[in-house]
Amino acid sequence: MKKLLIQGQNRLEGTLPIHGAKNSVLPILAATLLTDQSVLHNCPRLSDVDAACHILRHLGSQVEREGDCILVRSGNRGDCCIPDGMMRMMRSSIVFLGAIVGRWGRARISLPGGCELGPRPIDLHLAALEKLGVRIREDHGDLDCQVEDQLRGTMISLPFPSVGATENVMIAACTAQGETVIKNAAREPEIADLAAYLRGCGAQIQAAPNGDIHIQGVSRLHSGEHRVISDRIAAATYLSCTAAAGGDVTITGICSEHLSAVLPYFEEMGCRLWVTPGAVRLQTRGRLRPVRSVRTMPYPGFPTDAQSPLMTAACLADGTSMFVENIFESRYKQVPELRRMGADVEVEGRVALVHGVPRLHGAAVCCTDLRGGAAIAAAALAAEGESLLSQIEHIDRGYEAFEENLRRIGADIQRVEEP
Ligand code: EPZ
């Protein structure tokens, strides 16, 4: 079994380019079903991306990777069923639903399993697609979806700005008859990136100044080429590693605007920042200060995916920090593992109180989920002594070349084989 062996307390220094965004490339890969051919650049090497490519091949597409470029040629086979095993490979597989019904008018998928973040309902996805004209029936744990006649544009008001539901509607509405308006749509940068890809394929899709997304259906999308934006959450993660372990690291190849809700917290902790449009440099200066309160919100608020990495830095601050997780029901799964390393964190429902400690100590710990796993790795980088991280497949879902990147900036981290 693969594990990560980390000797802590190396100061992190140097420059780190950031890979393409997982949460952008996944919906775009799903949307390639609507085109004959798509060429996608800056695609990260992640197990979730491999899973999405596997699903595309199952649906009849030819998928080839050359370096960071993925070429997708959609097949004509109308295999519109994603079997349970594939759906469970990746929770965000639900975003294929809009693409499949948009391409073939029918789909059969299994209800996505929950995940480490608590129940992952898809009610908003299904209600929105039904409004577009998809008849959805549950059938022995599967969802049987059938477009009556054809997809028809309509006004869809999301009760919550769900990222995945927004993406599903955007993709399905591209070839619906008439106009679709998505009100209370998600505003994450990955939404804009998906819209840019779809426009490149001939979709008529625009975001209004109030955030509503307007889509004028077209008969077909043509082939397209697109460069995926960089991964703002990976950037926030490596900055959190630097804040926790101490050092001076410059993250490049990013859009620093996408981190505008995150960077102020590093400054509140006493880090010195230099920010340009494409790069962020973070330098620690002595012991970190606590953050008064971090409340996760939909974009442009503080991103839930950056909550656990930042919490690791707060574990070492000189005082108490408060975190409020407003997006997912249970996103503090990493706390028991942090406690094994000496962290002092109290969790009550959605609130976590982090009482900073002078130091953490290495331990044998396990990764609980993608971002929680990265947070545990950040703690190991800061801890005295050796840590051995298991279940690192969680990290491989969303961080390309994780240990290579950390070694590049001075960390003592190895991927080892453990019986
Ligand atoms: C996307 O998940 C991201 N995943 C998540 O990143 C991210 O944390 C999340 O958006 C919020 O930014 C991908 O893009 C692949 P949501 P998604 O629909 O689409 C509830 C990571 O670590 N909800 O905005 O699933 C839901 O339970 C991952 O990279 C419903 O109740 O997020 C959650 O509490 C984790 N019904 C909240 O809304 C629904 O039908 C936000 O979900 C859909 C969602």
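Select helix 5 and helix 6 (residues 163–173) in this predicted model. Their axes come within 8 Å and cross at roughly 25 degrees, and that makes helix 5 roughly parallel to helix 6, since angles under 35 degrees count as such. The crossing in which helix 5 passes helix 6 is right-handed. Display the side chains next: helix 5 contributes Leu124, His125, Ala128 and Leu129, while helix 6 contributes Gly164, Ala165, Asn168, Val169 and Ala172. Sorted by class, the residues of this contact are six nonpolar and three polar, with no charged residues.

**The sheet beside helix 5**

Keep helix 5 (residues 123–131) selected and add strand 8 and strand 9 (142–147), across which this helix lies. The angle between helix 5 and strand 8 is about 135 degrees. Now extend the selection to the whole open sheet, whose four strands follow the order 6-7-9-8 with mixed pairing. Strand 6 (81–82) and strand 8 (134–139) are the edges; each has a single partner strand, so one side of each is left without a neighbour in the sheet. At the strand 6 end, look for two bridges to strand 7 (residues 106–110), with the two strands running parallel. Ile82 stands opposite Ile109 of strand 7 here.

From strand 9, follow the chain into the loop that leads to strand 10 (155–157), where Asp149 is found. Its backbone deserves inspection: phi of Asp149 is near 65 degrees, a positive value in a residue other than glycine.

**A hairpin**

Select strand 12 (residues 204–207) and strand 13 (residues 213–216), which pair in the antiparallel sense over four bridges. Within this pairing, Gln206 has His214 of strand 13 as its bridge partner. The two strands form a hairpin with five residues between them. In the turn, select Gly211, which has a positive phi of about 95 degrees.

**The second sheet and helix 8**

Move to another open sheet of four strands, in the order 2-15-17-16, again with mixed pairing. Its edges are strand 2 (12–17) and strand 16 (272–276); each has a single partner strand, so one side of each is left without a neighbour in the sheet. From one strand to the next, the twist averages 5 degrees.

Strand 2 runs parallel to strand 15 (residues 247–252), and six bridges join them. To locate this pairing, label Leu16, which stands opposite Ile251 in strand 15. Add helix 8 to the view: this helix lies across strand 2, strand 15 and strand 17 (279–283), and runs at about 170 degrees to strand 15.

**Aromatic rings**

Which residue forms an aromatic pair with Tyr238? The model holds four aromatic pairs. One of them joins Tyr238 to Phe402, with 6.1 Å from centre to centre and 35 degrees between the planes, a tilted arrangement. This pair links distant parts of the chain: Tyr238 belongs to helix 8 (residues 232–245) and Phe402 to helix 14 (residues 402–408), 164 residues apart.

**A cis peptide bond**

Select Tyr299 and Pro300 and display the backbone atoms. The peptide bond between these residues is cis, with omega near 15 degrees. Pro300 is found in the loop between strand 18 (293–295) and helix 10.

**Helix 10 and helix 12**

Continue to helix 10 (residues 307–314) and add helix 12 (residues 370–382); their axes come within 7 Å and cross at roughly 20 degrees. Helix 10 and helix 12 are therefore roughly parallel to each other, and the crossing is right-handed. Ser308, Pro309 and Thr312 in helix 10 meet Arg371, Gly372, Ala375, Ala378 and Ala379 in helix 12. By class, this contact has four nonpolar residues, three polar and one charged.

**Helix 1 and helix 2**

Finish with helix 1 (residues 22–31) and helix 2 (residues 47–58), which pack at an angle of about 0 degrees with their axes 10 Å apart. These helices are therefore roughly parallel to each other. Show Lys22, Val25, Leu26 and Leu29 of helix 1, then Asp48, Val49, Ala52, Cys53 and Leu56 of helix 2, which make the contact. How many residues of this contact are nonpolar, and how many are charged? Seven are nonpolar and two are charged, with no polar residues.

Methods
Residues numbered from 1 in each chain as written. Predicted model: local features only at pLDDT ≥ 70, side-chain atom pairs only at ≥ 80, totals over all residues. Heavy atoms only, no water. Axes fitted to C-alpha atoms, helices over the stretch in contact; angles between N-to-C directions. Parallel < 35°, antiparallel > 145°, perpendicular 65-115°, else oblique. Left-handed = near helix turned anticlockwise from the far one by under 90°. Contact = heavy atoms within 4.5 Å. Nonpolar A, V, L, I, M, F, W, Y, C, P; charged D, E, K, R; others polar. Pairing = 2+ DSSP bridges. Phe/Tyr/Trp six-rings, centres within 6.5 Å; stacked < 30°, edge-to-face > 60°.
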